[in-house]
Amino acid sequence: MEQETNPTRDVFLPFRADLRGQSPYGAPQLDVPVRLNVNENPYSPSSDLCEAISASVTAAIKDLNRYPDRDFSKLRCDLSDYLAEESGVRIAPDLVWAANGSNEIMMHILQAFAGPQRVVASFLPSYSMYPEYVRDSFSTWVAGTRKPDFSLDFDEIRRVLDVHHPSVVFLASPNNPTGTALSEAELREILELTRESGPLMTADVPARRAATRDNAVTRDTDVCVTDDDGVPARRTATIVVVDEAYAEFRRAGVPSALELLERYEHLIVTRTMSKAFGAAGLRLGYMVAAKSIIEQIMLVRLPYHLSAITQAAASAALANRSALMEQVAQIRADRDSLAHSLQEMGFEIALSDANFVLFGKIANRHQTWQDLLNEGVLIREVGPDGWLRVSVGTPAENERFLSALHKAHVDHM
């Protein structure tokens, strides 16, 4: 009997209902002469850096039959040394954690501190991936708003905290897509507001339960709060994640949240090697936090999540950081020049501490985006309506962008 080799069958796959109708993340990847849309470092790695990474990776390959150091001890020391030099804050290596890009870092944080029936919040406009991380961790997303100048509205922050009691708040500084950074005073106020703004928890209160049963008098005000079953509970802190993906590009005098880590146990500062290090293809993100937070993160990470090759390449890049930091200084200067040119053309700009500039207000931003693309220049249509974001390129790329923008005959709002 002849067998059926390619049967057609109706299969009903168990798709997740919350993913129905959704589209995957992705900025346009188009083959055009000038790509200024995803905030990459526009400079290719130097020959010296390529040689250093090649040598480091070659050494790691010799032990490729073995699992990598799952706690990547050397890389954590290297990152600690780098942060001490870059920010002036000495961080113990065991308070540093790394993963495959900031994306995985954010997922580790939400796996450890968010999840079903927990809220994660941010204030828009901000990074477009935050709600997707929240969705993928089965958490609830709450989006507050910013002021018209893109600064934080503390009345709105208090409202979100009081109404939703988020377990995690994401704050990018410098913010994406606006480029605006938080001041030290703003960071401190946020961290004070979030000391007891998180969800209720009944864990770690056995003594309080006993005291309540015995009708004992206690001065611990936490016992006055109860959960739905009447069990004494305590209001937790909200974990504040300050996303410093663009921190190296900040202007002199703009603080890093790293300076506040010692005082605030509920603070996490995240960084990446994708931007300043020109290593977007490496996929290395990292975070710094209190030991208690790092211990929770280690519970949810997958075993051996950071390959030996990634560890070797990242350490080599960190060892060659001097030349890269000179490059960062050049990008900062080019950003300021680009922002000035946009202002001279009549555009409003958001004051940027990143390697991009958000500019507006444009009557038809999509048409302007398309006009630039027709000239071989790709920027990003993102953020509030009427605004576009351009990454800082090489001087030649920046000039080509400005020339194309002149040709576009933009109508301002």
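**Reading a sheet, a patch and a buried histidine**

Mentor: In this predicted model, 7 strands form an open sheet of mixed pairing, in the order 2-10-9-8-5-3-4. Residues are numbered from 1 along each chain as its sequence is written, and side-chain values use heavy atoms, without hydrogens and water. Local features need pLDDT of at least 70 and side-chain atom pairs pLDDT 80 or more, while totals for chains, interfaces and linings use all residues.

Trainee: What makes strand 2 and strand 4 edge strands?

Mentor: Strand 2 (96-99) and strand 4 (140-145) each have a single partner strand, so one side of each has no neighbour in the sheet. Strands are DSSP runs of E with at least two residues, helices runs of H or I with at least four, both numbered from the N terminus.

Trainee: How do you know that strand 3 and strand 4 pair?

Mentor: Pairing requires at least two bridges found by DSSP. Strand 3 (residues 119-124) and strand 4 share 6 bridges in the parallel sense, so by that rule they count as paired. In this pairing, F123 stands opposite G144.

Trainee: Why is H108 called buried?

Mentor: Buried means under 20% relative accessible area, exposed over 50%, and partly exposed in between (1.4 Å probe, protein chains only). H108 has 3%, so H108 is buried. This residue lies in helix 3 (residues 101-113). Among the residues it touches (heavy atoms within 4.5 Å) are W97, I297 and H305.

Trainee: And why does V11 count as exposed?

Mentor: V11 has 62% relative accessibility, so V11 falls in the exposed class. V11 sits in the segment before strand 1 (34-35).

Technical notes
Lists of a residue's contacts leave out its neighbours within four places in sequence.
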